[in-house]
Structures are given as structure tokens and as C-alpha cells.
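Biologist: Please take a close look at one part of this model. Then work outward from there, with the cut-offs stated as you go.

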Amino acid sequence: MSTPVLAAEPGLMARLTRGGMPGNAAGLMGLLIALVLLFSALLPGRFATYGTLQSMMFQLPELGLLALAMVIPLISGGLNLAIIATTNQCALLMAWIMSTWLPAGAGGPETVLVVGAALLAGLILCTAIGLLTGFLVATMGVHPILVTLGTKSLIDGISIWLTRGTVVSGLPESFQWLGNGVLWGVPVPFLVLILAAVAVGLVLTRTGFGISVYMLGSNLEATRYSGVDTRRVLIGIYTLSSILCFVAACLMLARFNSASAGYAQSYLLVTILAAVMGGVDPFGGFGRISGLMLALVVLQVISSGCNLLGLSQHLTLAIWGLTLIAVMGVKFLVAPWLAERLARRPA
Amino acid sequence: MRDLAARLTRHTEGLLLLVILLLGVLLTLASPYFLTLSNLVDLVESYSVTAILALGVFVVLVAGGIDISFAATASVAQYLAAYVATAWGLPALPCIALGLLVGLALGCLNAALIHYLRVTSIIITIATMSVYFALLMWVTGGKSIYALPDWWSTRVVLWQTETASGDLVRITLPVLVAALAVLVTWLLMTRSAAGRQLTAMGGNPEAARRLGVNIAAMHFLAYGYLGLMAGLAGLVQAHRVGEAVPNAMYGNELNVLAAAVLGGASLTGGIGTVGGVLLGILLLAMLQNGLNLLGVSPYFFQIVIGLVILVSTSITGLSARARRRDRRAVPA
């Protein structure tokens, strides 16, 4: 990977252009307000409505949870390319259990039992995948891109081989509530995302494990020499990432009422895009969950606005990419100016 | 003999060669059809597009970068060339030139963004991949171009012969183009000053800059070269299948990357040989071909690719670690 070590003076300048830039959240907030105003003006009476807000809250959680699964390895200086594969395989397993073990017209207790078994199996599968990935990353000394490229191919391959690329469907209605229900006027999947984001945020900032994740991202060797068991932390990172895939799998399964090895494949790189836009340093060490969530909301507003304007799905993806490049460009232009301002301020 | 084995396994290329020879023997024993000239030529032909792409990716990897956008670039170049060839009826040369130029331009755009915005290459190329591909799908509406002109879709047989068993062996244009791409890439990386400078930049960009390497020029060379190769691969792919489908090559990025990395090109830059990349592709091609001949379900292939990536990276990672330990144990 190319390292931008070319900046003439490191120190402040380098720190500002990296992820920990103070103006990042403010900039994204400004962009978000500008977008909302723009779409409200373009779509009078159609964009700024509760219905639009609710539909956004239904659509955001899948990408949001997958982005959370990606951001933890990213902060540690790694990458998990297997998140979509893990999510799909988990959803397939749970869908298979629910559709084959549940007899038609089953009563309440039986449904609860089978759904519980399916969830448990999914959780076990994801934990196992995470432990294995973490173990490989920790012991092989190979870049996580390569390891997870391998696990992604392997997991996808197994899913495709077992299902022959078909879709597994037929879930109990009570399970679909998780994806389509509304609680206190707020879509249930959105509540799940908020819970997961708060939990991940707390783990990253309030626990020793979380601090180690950031340290690992800054300098793995230094972290090890300061007495942190980096192998255990790495295994923890990829296990946590996989467990978030399990949550994403539950939501996707409930929303689509089906599972397939081919779902959401286009989200893989978008999660990286969202994380970087949210101020996560792709080299690791810096990044906040709040920034990621803000970036996700920006992406969702663009997507919903374009959709209401009748623009194609493809154009939305192009605009997402252009937005990321624009955010990068603004960061690059603003950072030197900000550094100058800070330097001029009397100490 | 043991000495030879030790020398072979010290480098990724040697290790790959051993694995390939072993696999070749196994496949020959398992299927009498494997070691026939026509099968081997088919094998090379079917992986020609992957080879061209992987060579471009290899140059970027050696220069210390990574590029995810090449499949999107190839699709855009292919579609634009196919469009002017069919809608405007332009002759062969301008169409081919256009395809190559579009690839080159998109690659240079990547280089400009990476160099001037100082953003890591994987992020920029993920963004440009989305932009290139999404714009292509939006503008074309996902419609394929089936009626390619004859000069493009007609099979060009450069040399053919009939073997004793009656099989027809044909060396076709894609094989020649891939061979030329190999030659040019090899010349660039080993016989030119620019190649040395690319390798130096991949190894340590700051050191290379202080030695007077023009980093901007090197970025444009690496990503521009990959863009050019992507354009070429797009043209060859359309030639092979006889149509231009906007999303035919998209989604294959990670497999091409795997082929280059399998051959020993390091993601951290500065390491890798053209021979290694070719061996990596050959291994993947032999595996796919062999599984086909053995009647294994094509659904199984993805699993094999995953296992091969995991095993090969584990071996290189562990052997690098063992070498470091050896060096520490025996002070020079």
C-alpha cells in the first residue's frame, strides 16, 4: 500500500491529514445539512417527511452493521474482506434451520425453540469464523487483506457449493418482525443498529481491549513490546467483527425473508468507503464510531434523495464514490490552512 | 538433490514451481487428457485476459500500491471501443487506440488522485471503481453490444496443427497478446531504469524520493500502465467472447489480485517477479482445468481458490518469519 510519507514536515501536518482531524465531524455535519436542504428544496413536501425518515431508518441498518464489522479491523490497521461472505453464510445457515426444522403450522413454543436454535447456530458459526480468521492473522504474519481474501473465497465457495447459488427462504412471521417491525415509531432494525453502534463505541473507548485496538493500529510492534498480548487482541478483533456479521445476518434475513450467497456483495467496498469518509484512518489507529455513523447517514441521505428524484441506483453509487473523493480533496485542502491557524495561535 | 530442493523453496517462485510440477504429475496420472498439447493451449488461452490484468496489477503492487478499479476500467474501455466500432462504424485501428487510451486515461486519473490528494491507493481506487463502473452502467443502462464488427470478433488463428490423436491445436491472438504483455512488463521491470525506480519506491518511498526518484512520475507510470493493460484486457476479452457486456469483468478484481499475490508480489511493495506472477496464474489455471477434467463441480472451484490463497500466504508468512529467526540466531 502506498504510504503518504511525502509531506515535507510530519508532526502536526501529518496528524491533521490523517484520520484524527478535528474538523472532520463538523465538515460532515455541514455536508449533511447542505444535502438535506438541497433535497428538501428539490423535492418540496416529499423529502422532509416522516415517511422518508422512516424508510431511511429501515434501509440504513444493514450497511451500518456491516460497516461496524469492517471498522474494528480497520482501526486496528487491518481489513476484513470476508464480512459479506460471513454474513451470507450465517444467514443461509439460520434460514436453512428455520425453513427445514419448523413444521407447517407450528405453535408458539416450538417456533421460539427453532428460532432460538437457529440464532444460536448462527452465532456459533460466526464466532468460529472470527476465531479462525483472527488466529490466522495473528499467527501467520501475513497482511489481513490476504488472509481475509482467502477466507472470503473459502466461505463464499462453501456457501455456493452447498446451495448451488440458490435462495433459501420461508421464515416464521414472528422472526420477520426484527426486520420490519416498528417500536415507539422507530423501525426495529434501526434500534438494533443504534444498540450495536453504542456497544461497539463503548468497547472501543472504555475498555482495555478497545484501547489496545487503537494502539495496534498505530504500531503493532510497539504495542507488543509494551506488554499487550497482540495475538489475543487480534483474535478478539476478528471475532467481534464476525459477531457483528451475525447481527447483520439476522437483520438481513428478517428483512428479505430469504438468504443467498450473492446478497449484498456490492456493500463490501462501500463499508470501507463509509468508514474512511467518517474519518477512520485506513492505516489504522484513528477513527470514531460517531464519525462512521455520520458518514453512513450522509450516504443514506444521498441514496434516498436520488431515489426520490428518480435517479438510477447506479448513479447513486457513482455519487457516493465522488463524494468520498470530494471529502478527501476538501480534507487535503483544509488541513494545511487549519495547521497554519493552529500554529499562529499563541501557546 | 536436497540442496536443490532447499534452493527452490527459498523463493516463492521456486516453491510455486514445485507445487505446479507436483500438481501437473497428479493431473496427468488422473486424466490422460490433461497433458495434451491442445488442453495446455486451451488452458493458456482461457487465462490470457486474467494474465494481462494480473501483469498490470503486479506493476502497481511492486510500486507499493494497490488498485481495485482495473476491472471497471477494462469494462469502460471495452464498452467505449465497442460503441464507436458499432454505432459510428470506425475501423479497427482508431477503436483499438481509443480503448487503450481510455484505459490509460482512467489509470492516470487514479494516479493523479492518489498522488495529489495523498490518500492511500486502496481507498481511492475503491472510490474510482464505484464511479467508473456505476457511470458505465448508468449511461449504458446495462445494455450489451452483441454485434461487434468482424475484424474484432473473428478468431485469429496464428498457427495451427493437428496432433496425432486428431486434436486441433490453435495458437490464437489472445495468447500472442498475453505473451507480448509478459515481454513488455518484463522489459519494463527488469531492463529499464523506470522499473528499478518503481521497485525502489515500493520498497521505501521516502528513501526513493531522497535518491531523486520522481515519485509523481512513478505513480503515473504504475497506475497508467495498469490502466493500459486493463484497456488491452477489455479489448481481448470482447474479442474472445464476441460481445461487450458492461458487467462481464466486474467483480473479478479480487481473483486477479489473488493471482498476482500468489506469485509472490507483496502487498507492501518492492517485491515480486514477472515469472512469479505467471506461475501464480498457471497454478490457478491448472487447478480450474484439472477440476474440470476430473468432473468436479464448478461450484467447488471457489473453495479451492480460497484454500490455495490461505495455504500459500501462510507458507510465505511462516517461512519469512523462520528466515528472520535464523538470521537472529546466527550473527553474521
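Modeller: Start at A:Thr316. Leaving aside residues up to four places away in sequence, A:Thr316 touches A:Ser303 and A:Cys306, where contact means heavy atoms within 4.5 Å. This is a predicted model: local features need pLDDT of at least 70, side-chain atom pairs count only at pLDDT 80 or more, and totals for chains, interfaces and linings use all residues. Residues are numbered from 1 along each chain as its sequence is written, chains are lettered from A and ligands numbered from 1 in the order in which they are written, and side-chain values use heavy atoms, with hydrogens and water left out.

A:Thr316 sits in helix α14 of chain A. Helices here are DSSP runs of H or I with at least four residues, strands are runs of E with at least two, and both are numbered from the N terminus. A:Thr316 is buried, at 5% relative accessible area. Buried means under 20%, exposed over 50%, and partly exposed in between (1.4 Å probe, protein chains only).

Now the interface. Chain A and chain B each put 50 residues into the contact. Between them they bury about 4400 Å², with 79% of it on carbon and sulfur atoms. Buried area is the accessible area (1.4 Å probe) that two parts lose on being put together, summed over both. What is the salt-bridge count between chain A and chain B? It is zero. A salt bridge needs a side-chain nitrogen of Lys or Arg within 4 Å of a carboxyl oxygen of Asp or Glu. Residue pairs in polar contact across this interface also come to zero, with both residues required at pLDDT 80 or more. A polar contact is a pair of N or O atoms within 3.5 Å; within protein, one must be able to donate a hydrogen and the other to accept it, and residues adjacent in sequence count only if both atoms are side-chain atoms.

Helix α14 (313-344) appears again here. On the side of chain A that touches chain B, the elements giving two or more residues are α5 (108-140), α6 (144-163), α12 (267-277) and α14 (313-344). Helix α6(A) gives the most, with 14 residues. By class, that side of chain A has 33 nonpolar, 13 polar and four charged residues. Ala, Val, Leu, Ile, Met, Phe, Trp, Tyr, Cys and Pro count as nonpolar, Asp, Glu, Lys and Arg as charged, and the others, Gly among them, as polar.

Helix α6 also holds a charged pair. A:Lys152 and A:Asp156 form a salt bridge, with the closest N and O atoms 3.2 Å apart. They are four residues apart in α6 of chain A, about one helical turn. Both A:Lys152 and A:Asp156 are buried.

Over all chains, the salt bridges number five. Another joins the side chains of A:Glu62 and A:Arg255 at 2.3 Å, N to O. A:Glu62 is in helix α3 (residues 50-75) and A:Arg255 in helix α11 (residues 230-256) of chain A, so this pair ties together parts 193 residues apart in sequence. A:Glu62 is buried at 4%. A:Arg255 is partly exposed at 26%.

In chain B, B:Glu206, B:Arg209 and B:Arg210 are linked in a salt-bridge network.

Last, the cysteines. Disulfides over all chains come to zero, a disulfide being a pair of cysteine sulfur atoms within 2.5 Å. For A:Cys250, the nearest cysteine sulfur is that of A:Cys90, 6.1 Å away. A:Cys250 is buried at 7%.
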